[in-house]
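Colleague: I'd like to learn how to read a structure like this one. Could you walk me through it, one feature at a time?

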Amino acid sequence: MNNKFYITTPIYYPSAEFHIGHCYTTIIADAIARYKRLAGYDVFFQTGTDEHGLKIENKAKEKGVTPKEYVDKIIADAKDLWEQLGISYDFFIRTTDEFHVKRVQEIFKKLYDKGDIYKGEYQGLYCVPCESFWTSSQLIDGKCPDCGREVGLVKEEAYFFKLSKYQQKLEEFYEKNPDFILPVSRRNEMLNNFIRPGLEDLCVSRTSFTWGIPVSFDEKHVIYVWIDALTNYITSLGYPDNDELFKKYWPADLHLVGKEIVRFHTIIWPAILMALDIPLPKQVFGHGWLIIDGGKISKSKGNYKDPREYINAYGVDAVRYFALREVPFGSDGNFSEKALITRTNADLCNILGNLVSRTIQMGIKYFSGNIKNKKVTESIDIDLIDTKNRLKSEVDQKMRELKINEALEIIFELLRKCNKYIDDTTPWILAKDETKLNRLETIIYNLLDAILVSTTLLQAFIPSTSEKIFASLNINKRDFNNIYDEVEVFALGNEKPANLFERIKED
Ligand code: MSP
């Protein structure tokens, strides 16, 4: 059985410190990677940084440091952020890594030798901050359609990649692989707005800046961003000179990308791979953006805080949970500190935290922490038990469809039911009646059992909270293989459980 799973985030520009938008993609990738690991897959989860280009060269100049010094500092900071967020990446690639530089040069040469890269002259409208060339019809009010800033006319000798040659092959590939791009709306957009109207050859080198990977056989050219950046997904695996990891993990199972770079990942990247004669990734998911007050998260607007401030104030899992739960994956969604607080209080504190602490305290108080299933079952139990028994396969289904927020919604639906079950069965009244103790023990057992199954799933999403719950249950961590193994006796011990989430003041 081939049970590997290779998942990637985009490699981020280290032009400024990372914000909650970068965290968004990375947290989601992390949750998917963890979920697959729990399911027994051999996962390779990669993230990293895209460090070359004029924008970074200019930023470094402004600061009076070399580009490498400039990015080194931001990357150290990014790695610290990922650690604090519990991002379980297997590999962090930097486009300045020596192996990457060498392999990109080899790839470029390969494409040149094959005739898929040729020398020509480039003339175009260029947006410096976005490092993008635009045709005049793509401009909005004469300005860059992405950032709204001025573009300038640039003319230079350059190398081109024969993208046009792959138009038909791409269309055929799209036909044969309807799930290649998700959500479907983005697939249609690529086909109708870009591929079918015709693909132009793509400029893949520059002479206007030097902070990049030189073309090995023509050193005044540096390899322009897309061949340098997109190939990160294969150079990390050793392509083209070392095929051990490459054989094991390629093709990628899932590239997660923001909607603005879907085009690069679903047109340019597949065409490069076709030219290299290697298989295409299985799926590209184009997600929406987190926006603040209806606009982009932006350093210049100063409309965001360092994500660590939220982690310090509300806990890592509040931030993770928000990113995973708040916005339907694929759509844009609003981020605000207020929304983060509301979500944390409503779900993590009132539903999850409350349930775990109530249940464990009852277990300790009524049964000194030892709870067996006395099997005094009543009809009110059936819905709870059925929901719990269905939970794993329902969450699996949602995760297969990458409906991450819905996966969490289902888990929290069970937790909500548990809270209602407590209210309906009134354990504190049963506890007063000697003859009802077996019934009471069954109720607490059912609750602990539902908490255990939920926690096993929640590990992928909110790992540090899940760890605390396993500790309170006094049970070893489980994975999906033994998620439904029966517990004979819950032996909780006698220690009052630590509060998982404090209620946050909402003003
Ligand atoms: N370097 C390129 C990607 C090359 S991949 C071979 C790039 N970098 S980026 O830093 O500008 O953005 C990378 C990704 O960050 C976006 O695609 C998106 O996944 C994520 N996000 C940046 N801001 C975001 C939001 N406000 N909301 C959600 N995701 C955001 O493009």
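Colleague: Let's begin with the open sheet of 4 strands. In what order do the strands run, and with what pairing?

Modeller: Keep in mind that this is a predicted model. To read a sheet, you go across it from strand to strand. Here the order is E5-E4-E6-E8, and the pairing is antiparallel.

Colleague: Which strands stand at the edges?

Modeller: Strand E5 (132-134) and strand E8 (202-203) do. Each has a single partner strand, so one side of each is left without a neighbour in the sheet.

Colleague: How many bridges hold for the pairing of E4 and E5?

Modeller: Strand E4, residues 117-127, pairs with E5 over 3 bridges, in the antiparallel sense. If you want one to look up, Cys127 has Ser132 in E5 as its bridge partner.

Colleague: On to the ligand. Which residues come nearest?

Modeller: Start with the neighbours, then look at the atoms. There are 23 residues around the ligand, and Ile11, Tyr13, Thr25, Asp50 and Leu290 come nearest.

Colleague: And which polar atoms lie close to a nitrogen or oxygen atom of the ligand?

Modeller: A cut-off helps here: a polar contact is a pair of N or O atoms within 3.5 Å. Ile11 uses a backbone N or O atom, 2.8 Å from a ligand nitrogen. Thr25 brings a polar side-chain atom to 3.0 Å from an oxygen atom of the ligand. For Gly258, a polar backbone atom is 3.1 Å from a ligand oxygen. As for cover, the ligand taken alone exposes 660 Å², and the protein buries 91% of that.

Colleague: Which helices and strands supply at least two residues of that shell?

Modeller: Strand E1 (4-12) does, along with helices H1 (20-38), H7 (225-230) and H8 (232-235). H1 gives the largest share, 4 residues. By type, the shell divides into 12 nonpolar, 9 polar and 2 charged residues.

Colleague: Last one: is Leu348 buried or exposed?

Modeller: You judge that by relative accessible area, and under 20% counts as buried. Leu348, in helix H13 (residues 337-367), has a relative accessible area of 0%, so Leu348 is buried.

Colleague: What does Leu348 touch, leaving out residues up to four places away in sequence?

Modeller: The list is Asp317, Ala318, Tyr321, Arg343, Gly353, Phe412, Ile462 and Phe501. Have a look at Leu500 too: Leu348 and Leu500 are 152 residues apart along the chain, yet their C-alpha atoms are separated by 8.2 Å.

Note on methods. Residues are numbered from 1 along each chain as its sequence is written. This is a predicted model: local features need pLDDT of at least 70, side-chain atom pairs count only at pLDDT 80 or more; totals for chains, interfaces and linings use all residues. Side-chain values use heavy atoms; hydrogens and water are left out. A residue is near a molecule or strand if one of its heavy atoms lies within 4 Å of it. A polar contact is a pair of N or O atoms within 3.5 Å; within protein, one must be able to donate a hydrogen and the other to accept it, and residues adjacent in sequence count only if both atoms are side-chain atoms. Accessible areas come from the Shrake-Rupley method with a 1.4 Å probe; for residues, only the protein chains shown count as cover. Ala, Val, Leu, Ile, Met, Phe, Trp, Tyr, Cys and Pro count as nonpolar, Asp, Glu, Lys and Arg as charged, and the others, Gly among them, as polar. Two strands pair if DSSP finds at least two bridges between them. Buried means under 20% relative accessible area, exposed over 50%, partly exposed in between (1.4 Å probe, protein chains only). Contact means heavy atoms within 4.5 Å.
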